[in-house]
Amino acid sequence: VIVPSGVSVMPLSDTECIVGARNRAIAARDRLRADYGLGIEGGVQSQAEGLMLTAWAVMVDGANREGVGGSGRLPLPAVIARRIRDGEELGPVMDELLNEDNVRQKGGAVGALTAGLIDRSQALAVAVAYAMAPFLAPALYRG
């Protein structure tokens, strides 16, 4: 289901992405009255190596236990990083640079930047699997 993230359209930190993914997970769980909710939020994180594209997933259950997982990190080219830092959103920037519509749904920026080697779905699948880990191997995550 489509639910709001409660964060900016273009999250600019890991923290903001995790908050957005958590908000989506809780809202999706509550809206569907489900046992579990899963939220995903993509964004960027500034590092010494440059502006890195990343995504985070959060899974929550009815007892508010959660799992958090991140995708890999991909350095953005300088021209894209500059535009993101200037306040633009990645999707429209990619559409313009590639002269395409809705790149997000056609493999995403990840797909374009890796020439299709890894697409958006594959990158997000890793984050989701990591977020599910505490629910898949609960005995190992008990304190």
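## Briefing: salt bridges, a pocket and the surface

R22 counts as partly exposed, because its relative accessibility of 26% falls between the limits of under 20% for buried and over 50% for exposed. The structure that holds this residue is a predicted model, and every value below was computed from it. The points that follow turn to the salt bridges, then to the largest pocket, and then to the surface and the backbone.

**Salt bridges**

- The count of salt bridges in the model comes to 8, and several of them are described here one by one.
- R22 takes part in a salt bridge with E66, in which the closest N and O atoms are 2.8 Å apart. Because R22 belongs to helix α1 and E66 to strand β3, this pair ties together parts of the chain that are 44 residues apart in sequence. E66 is partly exposed, with a relative accessibility of 31%.
- R24 and E41 form another salt bridge, and here too the closest N and O atoms are 2.8 Å apart. R24 lies in helix α1 and E41 in strand β1, so the pair ties together parts that are 17 residues apart in sequence. R24 is partly exposed at 23% relative accessibility, whereas E41 is buried, with a relative accessible area of 5%.
- R73 and D14 meet through their side chains in a salt bridge with an N to O distance of 2.5 Å. This pair links distant parts of the chain, since R73 sits in the loop between β3 (66–70) and β4 (74–75) while D14 sits in helix α1, 59 residues apart. R73 is partly exposed at 35%, but D14 counts as buried at 14% relative accessibility.
- R83, E88 and E96 are joined to one another in a network of salt bridges.

**The largest pocket**

- The largest pocket holds about 980 Å³ of space. Its lining is made of 40 residues, and those closest to its centre are I40, E41, G42, R120 and L124. E41 therefore appears in two parts of this briefing, as a residue by the centre of the pocket and as the buried partner of R24 in a salt bridge.
- Helices and strands that each supply at least two lining residues are α1 (14–32), β1 (36–47), β2 (50–61), α3, α4 (108–113) and α5 (120–136). Strand β1 gives the most to the lining, with 6 residues.
- By character, the lining residues divide into 22 nonpolar, 12 polar and 6 charged.

**A nonpolar surface patch**

- V79, L97 and L98 form a nonpolar patch on the surface, and together they have about 220 Å² of accessible area.
- L97, one of these residues, is found in helix α3, which covers residues 90–98. L97 counts as partly exposed, with a relative accessibility of 41%.

**Positive phi angles in the backbone**

- Most residues other than glycine have a negative phi, and the two residues below depart from that pattern.
- N64 has a phi near 60 degrees, a positive value in a residue that is not glycine. N64 lies in the loop between β2 and β3, and N64 is exposed, with a relative accessible area of 52%.
- A115 also has a positive phi, of about 50 degrees, although A115 is not a glycine. A115 is found in the loop between α4 and α5, where A115 is exposed with a relative accessible area of 74%.

Definitions and conventions. Residues are numbered from 1 along each chain as its sequence is written. This is a predicted model: local features need pLDDT of at least 70, side-chain atom pairs count only at pLDDT 80 or more; totals for chains, interfaces and linings use all residues. Side-chain values use heavy atoms; hydrogens and water are left out. Patches are made of residues with over 30% relative accessible area and no salt bridge: like charges are joined within 9 Å, nonpolar side chains (Val, Leu, Ile, Met, Phe, Trp, Tyr) within 5 Å. Accessible areas come from the Shrake-Rupley method with a 1.4 Å probe; for residues, only the protein chains shown count as cover. A salt bridge is a side-chain nitrogen of Lys or Arg within 4 Å of a carboxyl oxygen of Asp or Glu. Helices (H or I, at least four residues) and strands (E, at least two) are DSSP runs, numbered from the N terminus. Buried means under 20% relative accessible area, exposed over 50%, partly exposed in between (1.4 Å probe, protein chains only). On a 1 Å grid over the protein atoms alone, a cavity is a set of points where a 1.4 Å probe fits but cannot get out, and a pocket is an open set with protein on both sides within 12 Å along at least five of seven lines; lining residues have an atom within 4 Å of a point. Grid points are joined across faces, edges and corners, and a volume is the space filled by probe spheres set on the points. Ala, Val, Leu, Ile, Met, Phe, Trp, Tyr, Cys and Pro count as nonpolar, Asp, Glu, Lys and Arg as charged, and the others, Gly among them, as polar.
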